[in-house]
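Got your viewer open? Load the model, turn on the cartoon, and keep the selection box handy.

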Amino acid sequence: MTRLLIDTDPGVDDALAILMAHEHARIEGLCIAAGNVGLVHTERNALKLVEMIGADIPVYSGCPSPLVLPAPGAGFVHGEDGFGDTAYLAPSRAAENEHAAAAIVRMGREHAGELTLVALAPLTNLALALRLDPQLPSRFARLVVMGGAVSGRGNIHLAPVEFNIGFDPEAAHVVFSCWPEFDLIDWEACVRHAMPLARFDGLLAAGDARARFYTAISRKARAFNAARGHGMIAADALAMAVALEPDMVRRAERRHVGIELSGGLTRGATVVDWDLRMGRPANARIVLEVDQMRFETLVAGALGAA
Ligand code: BDR
Ligand code: CA
């Protein structure tokens, strides 16, 4: 069974990814970053989700801000608390007494070569872990990253920039320049693989307690998507699907991807050497297309609607 360490900022689509991982793999830990909303909320949301599924998964709280410059969150998509502002009862359990970056380093060493690391948030914790232990890439079986916009159609106020990278470009630079090869699931692939809202609503109606919880926390995000004529864009769930079933990838390209750190309009952009003109080795397997049916089957399982 696949064993995962997940770095995440829940976040509505993070929650779906975690439910999917819990259904189809073993989660060894959740490392929590600030991003969609502040760390107080992302940590609390992770603890609530773990409690809701009755799992014994350790939660490690991480960095409360990006490495260098402050950045706006995405509460207008996910709800100001990151879980749709449902005023849920506080979780009864607490986070572990270990920083997320330290937990990544420790678990990489304890389970050398065994864990798949899945990064669903700004890369702040992971960048710190890499600075603590430069050998980190050799300690994990794989790294799967949700982030970037590989042809320049992002999702924040800077047009070519995707949220996870734009929130902490310096952290992304550390990871993209130090990790020899990782799977990259970018925002544009996530838009192409959005589920029609009616089909997603059908899964919510057919599912179990997980689906009822998810119906509540995703109401604002679904309305946000519907108002823009999108389907349900579940970015982190798509990345998780690729982490769980790498052979569901139908089309991918290996290329060098760098991070733009300056630029008033482009800070945080993912710069892809599509035409092999930079002479740098490929660091990313850029996932361009997956088997949509297999993706949706994993989503259904996550919600108890399979
Ligand atoms: C990414 O940013 C966040 O809002 C989502 O949780 C996802 O990780 C999409 O750009
Ligand atoms: Ca996320």
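What follows is a walk from the ligand outward to the packed interior and then to one strand. Bear in mind as you click that this is a predicted model.

**Stop 1: the ligand**

Start by selecting ligand 1 and showing the residues around it. You should find D13, D14, N36, H78, L120, M146, N155, E162, F163, N164, W187 and D236 surrounding ligand 1.

Now pick out a few polar pairs. On N36, a polar side-chain atom sits 2.5 Å from an oxygen atom of ligand 1. N164 also brings in a polar side-chain atom, at 3.0 Å from a ligand 1 oxygen. With L120, look at the backbone instead: a polar backbone atom there is 3.0 Å from an oxygen atom of ligand 1. How much of ligand 1's own accessible area does the protein cover? Switch on a surface and take a look: the protein covers 95% of the 280 Å² that ligand 1 has on its own.

**Stop 2: M146**

Stay with the residues around ligand 1 and select M146, which is one of them. M146 belongs to strand β5, residues 142-146. Is M146 buried or exposed? Its relative accessibility is 2%, and because buried means under 20%, M146 counts as buried.

Next, show what M146 touches. Beyond its sequence neighbours up to four places away, the list includes A119, L120, I185, W187, C190 and A239. E162, N164 and D236 are also among the residues that M146 touches. For a distance to draw, try M146 to V118: the two are 28 residues apart in sequence, but their C-alphas are 8.1 Å apart in space.

**Stop 3: the nonpolar cores**

Zoom out and select M20, L30, Y214, M240 and L303. These have the most contacts inside the largest nonpolar core, a set of 68 residues. Colour helix α13 (residues 235-244) too, since that helix gives the most to this core, with nine residues. A second, separate core has 37 residues, including Y60, A100, A129 and L143.

Then centre on L303. Setting aside neighbours within four places in sequence, its contacts include L16, L19, F200, L203, L204 and Y214.

**Stop 4: R255**

Finish on strand β7, residues 249-255, where you'll find R255. This arginine counts as buried because its relative accessibility is 15%. Show the side chain of R255 and the backbone of W274: a polar atom of that side chain lies 2.8 Å from the W274 backbone oxygen. Other residues in contact with R255 include V272, D273, L276, A282 and I286.

Definitions and conventions:
Residues numbered from 1 in each chain as written. Chains lettered and ligands numbered in written order. Predicted model: local features only at pLDDT ≥ 70, side-chain atom pairs only at ≥ 80, totals over all residues. Heavy atoms only, no water. Helix = DSSP H or I, 4+ residues; strand = E, 2+ residues; numbered from the N terminus. Buried < 20%, exposed > 50% of the residue type's maximum accessible area, 1.4 Å probe, protein only. Contact = heavy atoms within 4.5 Å. Core = buried A, V, L, I, M, F, W, Y, C linked by side-chain atoms within 4.5 Å. Polar contact = N/O pair within 3.5 Å; in protein donor to acceptor, adjacent residues only side chain to side chain. Near = heavy atom within 4 Å. Areas by Shrake-Rupley, 256 points an atom, 1.4 Å probe, with all protein chains shown as cover.
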